[in-house]
Structure formats: structure tokens, C-alpha cells
Amino acid sequence: MLALTLLLGFLLTAGSLGCEGPRREPPLEDAALNAGLDPKNPRIRAVVDYFETQGVELVHDSGGWWRVTRPAPPDFDVIVSLRSFPERASAYQMRDALSRINLSYLLNADARVAMSYPGLRGAQPGAITDVRIGDLQTRLERLFRAYRPDSAYASAQGMTTQWKSVVYAHHAGGTGAGSLRARTSDLIHLSSPRHVAIRAVFRYDPETEAWRRLALEPLPAMTLTVAAPRQIYSAESDQVLLTIPLPVGLFWALWEEDGHRLASAIYAGPILCEDVMLGPAPPGRLAMCVPFADRAEARFVPDPSRL
């Protein structure tokens, strides 16, 4: 098993791990999900080729893991996991599949590809604070979020464009703070404002194994306007919609976005889980990462989509 120190956690829509309303679609089969790790998959190859055109070279390492070789960090590896999804998969099914994996992923629903937040392998304590690593991490995430399959590739694959959220869960690698943010690059790409209203935020209590609603009043509501195009996009410059007031824990946020009911897990804390599959979840439960002040544990928790 890879020993990872994750720089930033979660996601869930093109970064968020939530669900759109109460809709229930059949989960993707394990065979389809595992096939998405194939390094020869054309969707993954297209993403890798795109990164290379942007000055970032990824080399297949093992399984679904890819190692950054350019620009190369000193003395240790920066790695990401890439997963693709079949054309028939809906955004709901892709988010649901990622929620069953205890590794935080960004989802690019248009491209039907997910990338884990960059992790370190073989790094010495303190490497996470190296400004070069932070810059590389931000660059990888920005490029992945901005990636769109070119028209020729999309036509060949029969891909269609679906409505998607511009809101995503963010985990700050340095402080461990959790938040909901709006992706500026997606708003610019869509060329349309979005109205967002936060409806509720829950925290998972590991001792009672129950979700507790946080008393947050008033809950924010706002219209997200389309900003002018930029040369560089990053989570640090994206608009913060909600900041989790507690430093550690597993949270679940509900919001409405242009009439769509959405939800996402939000992680807060200094440590997140490794890529550990717990197997089939018991009825009414999901495999999720539960952060603590000094560790993180993969657990089956009550399905928060029923809140």
C-alpha cells in the first residue's frame, strides 16, 4: 500500500462527492470502476497528453497511480491517481462511485475522468510546507479543473455536456480547514451566473455514530457572477462560500444551485485517509474518511444523503 501524505483533501463535483437531490441510480459495477484505472484508457491518455502540453509530465507508476516527472520535486515523488468512467455514467453515478473510495478526488464530469489530490511518497517530515510542492499541487489541480476534451476527441467518444455544479469542497493542506468554494474557471467557461443557497451543514459524531446539524445562522446565499478571464486559476483565488467553523471532522453540506439540490462531504483536519477500499457497505451506510486531530480512519457511516 502506498504511504501517502495528502496535500489537499476532497471532492466532490468536478470535485464534490455529493449527490443531486434524492435521485437513486444504479451504482456503477466494480468491474467498470476498476477498468477505469487502466493506464491505456483513451480518456486517461487524453488527460496525460493535455498535462504534457501544459508543461507537466506524468509517467505511469503502478495501478491507477501516476508520478510527476516534470517539473520534478527533489528527493521524493508527487503522485496522483487517475480514474476514468464509461460514457453511460451519469454525474450522479460518478460522484457516488468516488464516495465509495477513501481517497479524495476531483471529478471532471465533462471529461468523465477523476484525479486524486496530489500526494507525496518518500517525503521527509516538513516537505508538505515546501512552497514548490504547494505551487505544483495548485498547478495540477488548476489544469485538471480547466481541462476540456477537444472537439475531435469528444466527437469520437460521443460525449455530451451535462449540467454541473461550480461549487466544490476544499481542504486546505496547510491548516486542514474545510470550506465550500465556487470554481471561477467553470463560471467563466459557462458564461452564466449561478445562484447558490446553503441549506444545512452536518457534522459526523464518531462516538454516537450519528450526524448532528450545526447551528449556523444565517446560512449564506449569494449570486455568483462571471469574473473576467485570468491567466492562472487556483483554489486560493476561488470565492469562499462557506467556511467550516470547526478545525477537525467529517461534515456534510446541503445547498441549492440554480434549482438543483446538491450535497457534498467536507473534510477538516491535518490528516486524510489513504486509498483503502472497505468493500461493500452495509445497508444505509457509506464508506467515508473520518478525520481526527492525530489520525484519520476509514469507516462505514450512516448515509448522509438521507439527511
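## Salt bridges in a predicted model

The structure holds 16 salt bridges. The model is a predicted one, and three of the pairs are set out below, followed by a linked group.

| Salt bridge | Closest N and O atoms |
|---|---|
| Glu29 and Arg88 | 2.8 Å |
| Asp294 and Arg295 | 3.1 Å |
| Arg145 and Glu141 | 3.8 Å |

The salt bridge between the side chains of Glu29 and Arg88 has an N to O distance of 2.8 Å. Glu29 belongs to the loop between β1 (5-6) and α1 (30-35), whereas Arg88 belongs to the loop between β4 (77-84) and α3 (91-99); the pair therefore ties together parts that are 59 residues apart in sequence. Glu29 has a relative accessible area of 43% and is partly exposed. Arg88 counts as exposed, with a relative accessibility of 52%, because the exposed class begins over 50%.

The pair of Arg145 and Glu141 is found within a helix. Both residues lie in helix α4 (residues 131-146), where they are 4 residues apart, about one turn of the helix. Are these two residues buried or exposed? Both Arg145 and Glu141 are buried.

Asp294 forms a salt bridge with Arg295, and the closest N and O atoms are 3.1 Å apart. Asp294 counts as exposed at 56% relative accessibility, while Arg295, at 35%, counts as partly exposed.

Salt bridges may also be considered as groups. Which residues are linked in a network of salt bridges? The network links Asp110, Arg148, Arg183 and Asp186.

Key. Residues numbered from 1 in each chain as written. Predicted model: local features only at pLDDT ≥ 70, side-chain atom pairs only at ≥ 80, totals over all residues. Heavy atoms only, no water. Salt bridge = Lys/Arg side-chain N within 4 Å of Asp/Glu carboxyl O. Helix = DSSP H or I, 4+ residues; strand = E, 2+ residues; numbered from the N terminus. Buried < 20%, exposed > 50% of the residue type's maximum accessible area, 1.4 Å probe, protein only.
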